[in-house]
Amino acid sequence: GYQVLQAIDGEQGLELIHSERPDVVITDIMMPKLDGKALCQRTNRLKEKHPFLTLIVTCRISPDERKWISKMQDTLLMGKPFSPSRLLECIDRYFGVTE
């Protein structure tokens with residue numbers, strides 16, 4: 001029930017966020033051209049006009065990562081590996097969808 005757009009790197013992801021205004025962005029921290037931290041920092045201000053959920057999925061979870069992620073609006077951290085059902089649960093919870 002979701003329309004999914006895919007980017008090959010962080011720069012293309014940033015372009016898609018600007019042009020498509022998604023409701024959810026799923027990203028990793030380690031990406032080519034523009035990493036997940038830079039992507040989140042550049043898009044955080046966009047959330048003032050168009051709120052959206054950012055899910056950071058990564059296996060690199062250090063205290064430093066947790067610190068900057070906690071400062072991002074509507075941003076959650078999910079460790080790898082994860083199940084697709086857990087990903088959907090986070091999205092549903094953000095939008096207040098209950099079963």
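In this predicted model, Cys-90 counts as buried, since its relative accessibility is 10%. The sulfur of Cys-90 lies 15 Å from the closest cysteine sulfur, which belongs to Cys-40, and this is too far for a bond. A disulfide is a covalent bond between the sulfur atoms of two cysteines. The cut-off applied here asks for a pair of cysteine sulfur atoms within 2.5 Å, and by this rule the count of disulfides comes to 0. Cys-40, for its part, is in no disulfide, with the sulfur of Cys-90, the nearest one from a cysteine, 15 Å away. Cys-40 is also buried, because its relative accessible area is 3%, and a residue counts as buried when that value is under 20%.

Cys-40 leads on to helix H2, which spans residues 36-44 and whose buried residues are Gly-36, Ala-38, Leu-39, Cys-40, Thr-43 and Asn-44. What do these buried residues of H2 pack against? Their partners are H1, S1, strand S2 (53-58) and helix H3 (63-70). At the N-terminal end of H2 the cap is provided by Asp-35, which has a side-chain oxygen 3.2 Å from the backbone nitrogen of Lys-37.

Within helix H2, Leu-39 offers a more detailed view of this packing. With a relative accessible area of 5%, Leu-39 is buried, and once its neighbours within four places in sequence are set aside, Leu-39 is in contact with Gly-10, Gly-13, Leu-14, Ile-17, Thr-27, Met-31 and Leu-34. Helix H1 covers residues 10-20 and strand S1 covers residues 24-27, so that, with these elements defined as DSSP runs, the contacts of Leu-39 with Gly-10, Gly-13, Leu-14 and Ile-17 fall on H1, and the contact with Thr-27 falls on S1. The C-alpha atom of Leu-39 is separated by 9.8 Å from that of Asp-28, a residue 11 places away along the chain.

Asp-28 itself sits in the loop between S1 and H2. Is Asp-28 buried or exposed? At a relative accessible area of 18%, Asp-28 is buried, a value that lies below the 20% cut-off. Its side chain takes part in polar interactions on two sides: the side chain of Asp-28 reaches the backbone nitrogen of Met-30 at 3.4 Å, and the side chain of Asp-28 also makes a polar contact of 2.6 Å with the side chain of Lys-80. Leaving aside the neighbours within four places in sequence, the residues in contact with Asp-28 are Gly-36, Val-57, Thr-58 and Lys-80. Gly-36 is one of the buried residues of H2, while Val-57 and Thr-58 lie within the range of strand S2.

Lys-80, the partner of Asp-28 in the 2.6 Å contact, is also part of an unusual piece of backbone geometry. Most residues other than glycine have a negative phi, and most peptide bonds are trans. Lys-80 and Pro-81, however, are joined by a cis peptide bond, with omega at about -5°, and Pro-81 lies in the loop between strand S3 (75-79) and H4.

Two residues that are not glycine have a positive phi. Arg-21, with a phi of about 50°, is placed in the loop between H1 and S1 and counts as partly exposed at 49% relative accessibility. Lys-33, with a phi of about 70°, lies in the loop between S1 and H2 and counts as exposed, its relative accessibility being 63%. Asp-28 belongs to that loop between S1 and H2 as well, but Asp-28 is buried.

Helix H3, against which buried residues of H2 pack, contains Ser-70. Ser-70 is exposed, with a relative accessible area of 57%, and the side chain of Ser-70 reaches the backbone oxygen of Lys-67 at 2.7 Å.

The description ends with empty space. Rolling a probe the size of a water molecule over the atoms shows where such space is left. The largest pocket has a volume of about 870 Å³, and of the 28 residues that line it, the closest to its centre are Val-4, Leu-5, Val-24, Val-25 and Ile-26. The elements that give two or more residues to this lining are helix H1, strand S1 and helix H4 (84-94), and H1 supplies the largest share, with 5 residues. By class, the lining of the largest pocket has 18 nonpolar, 5 polar and 5 charged residues.

Key. Residues are numbered from 1 along each chain as its sequence is written. This is a predicted model: local features need pLDDT of at least 70, side-chain atom pairs count only at pLDDT 80 or more; totals for chains, interfaces and linings use all residues. Side-chain values use heavy atoms; hydrogens and water are left out. On a 1 Å grid over the protein atoms alone, a cavity is a set of points where a 1.4 Å probe fits but cannot get out, and a pocket is an open set with protein on both sides within 12 Å along at least five of seven lines; lining residues have an atom within 4 Å of a point. Grid points are joined across faces, edges and corners, and a volume is the space filled by probe spheres set on the points. Helices (H or I, at least four residues) and strands (E, at least two) are DSSP runs, numbered from the N terminus. Ala, Val, Leu, Ile, Met, Phe, Trp, Tyr, Cys and Pro count as nonpolar, Asp, Glu, Lys and Arg as charged, and the others, Gly among them, as polar. Buried means under 20% relative accessible area, exposed over 50%, partly exposed in between (1.4 Å probe, protein chains only). Contact means heavy atoms within 4.5 Å. A polar contact is a pair of N or O atoms within 3.5 Å; within protein, one must be able to donate a hydrogen and the other to accept it, and residues adjacent in sequence count only if both atoms are side-chain atoms.
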